[in-house]
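Here are a few notes from going through the model you sent. Have the structure open while you read, and follow the points in order.

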Amino acid sequence: MKSTSSHALHGASLCTPYLLIVPLGLLAVLLVLPSLGSSNARSDGLGVLCGGAGTDDGYSVSSGAAESKVGAVAAPPPRPAEADFSLLVGVLTMPGRRERRDIVRMAYALQPAPPPGVARVDVRFVFCNVTDPVEAALVAVEARRHGDILVLDCAENMNDGKTHAYLSAVPRLFASAPYDYVMKTDDDTYLRVAALAEELRGKPRDDVYLGHGFAVGDDPMPFMHGMGYVVSWDVARWVSGNQEILRHNDTHGPEDLLVGKWLNIGGKGRNRYSLKPRMYDLNWFMDNFRPDTIAVHMLKDNRRWAAAFMYFNVTAGIERPSDLHHLP
């Protein structure tokens with residue numbers, strides 16, 4: 001018995017290094033293989049962008065350094081000829097919130113699409129550089145599986161320049177196939193895409209700034225609530241090319257206030273639309289849902305997401321009879 005125990009302990013000690021090596025090797029394969037054969041370029045603020053799920057297109061690699069190795073970034077799929085407009089939705093999140101991203105993915109996948117001919121809507125989850133090796137491995141696998149990850153070349157933050165990095169990167173990333181509108185939203189916001197698309201359908205395609213508007217003094221809409229707002233492509237391109245924002249270090253602070261400040265100073269986003277009260281914060285008692293909701297914010301735990309799914313009948317009609325599960 002003593003000999004057997006000694007042998008088992010010896011085997012365990014031999015296995016330990018291999019258990020550490022395997023995930024690191026997986027990370028190396030996931031990050032290195034997609035960049036082989038691709039051209040190198042200066043990062044320009046971009047880290048990783050994945051194409052559609054199940055494809056290898058659009059996957060690029062960032063070392064997090066000033067000079068990054070960036071693979072060829074695939075353009076989004078061409079807009080169907082019958083679509084009125086296209087919208088990119090960027091959901092700002094953090095690497096450790098994997099469960100939240102899975103919930104948000106389901107929220108988008110299970111809701112009805114905009115009516116045919118209205119819009120093409122693409123959703124991307126937006127990070128800054130993923131520096132932790134464990135998180136990097138998991139994000140790489142997630143990117144491979146879902147193809148909806150965008151990693152920017154910035155230090156992870158909420159109110160320290162991430163929104164500026166996102167709005168600046170998008171016009172460069174998709175210059176060959178621009179969207180009509182770009183949206184920034186959060187991972188605690190439930191966005192009803194068809195309702196938003198219907199609101200955008202009759203709006204101008206230029207100089208647009210749309211969201212939950214706040215009134216300050218005599219100005220009815222100096223900025224939009226950070227739960228989610230939309231700018232037209234030309235506004236995003238203006239933010240991307242405006243060096244004054246960086247020169248004055250004007251990216252640090254509440255991001256929704258700052259976006260409004262940039263546009264106000266620059267005279268941009270003059271076509272402003274407030275979707276209040278159809279965009280709102282869920283209250284403490286979770287009893288202020290609206291049937292005409294476009295976006296509801298403050299879904300910061302699973303209980304609140306479940307309440308939203310139940311109110312909007314997200315799972316109605318999709319449960320198939322089965323002996324393997326019994327859902328109410």
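"Buried" here means under 20% relative accessible area, with exposed being over 50% and partly exposed in between. Keep in mind that this is a predicted model.

1. Start with helix α2, residues 98-110. The helix has 13 residues and reaches 18 Å from its first C-alpha to its last, close to the 18 Å expected at 1.5 Å a residue. By the cut-off above, the buried residues in α2 are Arg 100, Arg 101, Ile 103, Val 104, Arg 105, Ala 107 and Tyr 108. Note the arginines in that list: Arg 100, Arg 101 and Arg 105 are buried. As background, an α-helix has 3.6 residues a turn, so residues three or four places apart point the same way.

2. Next, look at Leu 152, which belongs to strand β4 (residues 149-152). Its relative accessible area is 0%, so Leu 152 counts as buried. Cys 128 is 24 residues away along the chain, yet the C-alpha atoms of Leu 152 and Cys 128 are separated by 4.6 Å.

3. Now the open sheet of 3 strands. The order is β6-β11-β10, and the pairing is mixed. At the edges are β6 (190-191) and β10 (279-281), each pairing on one side only. Strands β6 and β11 (residues 295-297) run antiparallel and are joined by 2 bridges. If you want a residue to click on, Leu 191 has Ala 295 in β11 as its bridge partner.

4. The aromatics deserve a look too: the whole structure has 11 aromatic pairs. Take Tyr 190 and Phe 312, whose ring centres are 5.6 Å apart with the planes at 50°, so this pair is tilted. The two are 122 residues apart, with Tyr 190 in strand β6 and Phe 312 in the segment after α9 (302-311). Tyr 190 is at 3% relative accessibility and therefore counts as buried, and Phe 312 is buried at 14%.

5. Phe 312 has another partner. Phe 289 and Phe 312 form an edge-to-face pair, 5.7 Å centre to centre with 85° between the planes. This pair also links distant parts of the chain: Phe 289 sits in the loop between β10 and β11, 23 residues from Phe 312. Both Phe 289 and Phe 312 are buried.

6. Which residues do ring pairs link into a cluster? They are Tyr 190, Phe 289, Trp 305, Phe 309, Tyr 311 and Phe 312.

7. One last contact: the charged end of Lys 203 sits over the ring of Tyr 273, at 5.0 Å from the ring centre.

Notes. Residues are numbered from 1 along each chain as its sequence is written. This is a predicted model: local features need pLDDT of at least 70, side-chain atom pairs count only at pLDDT 80 or more; totals for chains, interfaces and linings use all residues. Side-chain values use heavy atoms; hydrogens and water are left out. Two strands pair if DSSP finds at least two bridges between them. Helices (H or I, at least four residues) and strands (E, at least two) are DSSP runs, numbered from the N terminus. The expected span of a helix is 1.5 Å times one less than its number of residues. Buried means under 20% relative accessible area, exposed over 50%, partly exposed in between (1.4 Å probe, protein chains only). Rings of Phe, Tyr and Trp (its six-membered ring) pair if their centres lie within 6.5 Å; planes under 30 degrees apart count as stacked, over 60 as edge-to-face and the rest as tilted. A charge sits over a ring if NZ of Lys or CZ of Arg is within 6 Å of the ring centre and within 35 degrees of the ring normal.
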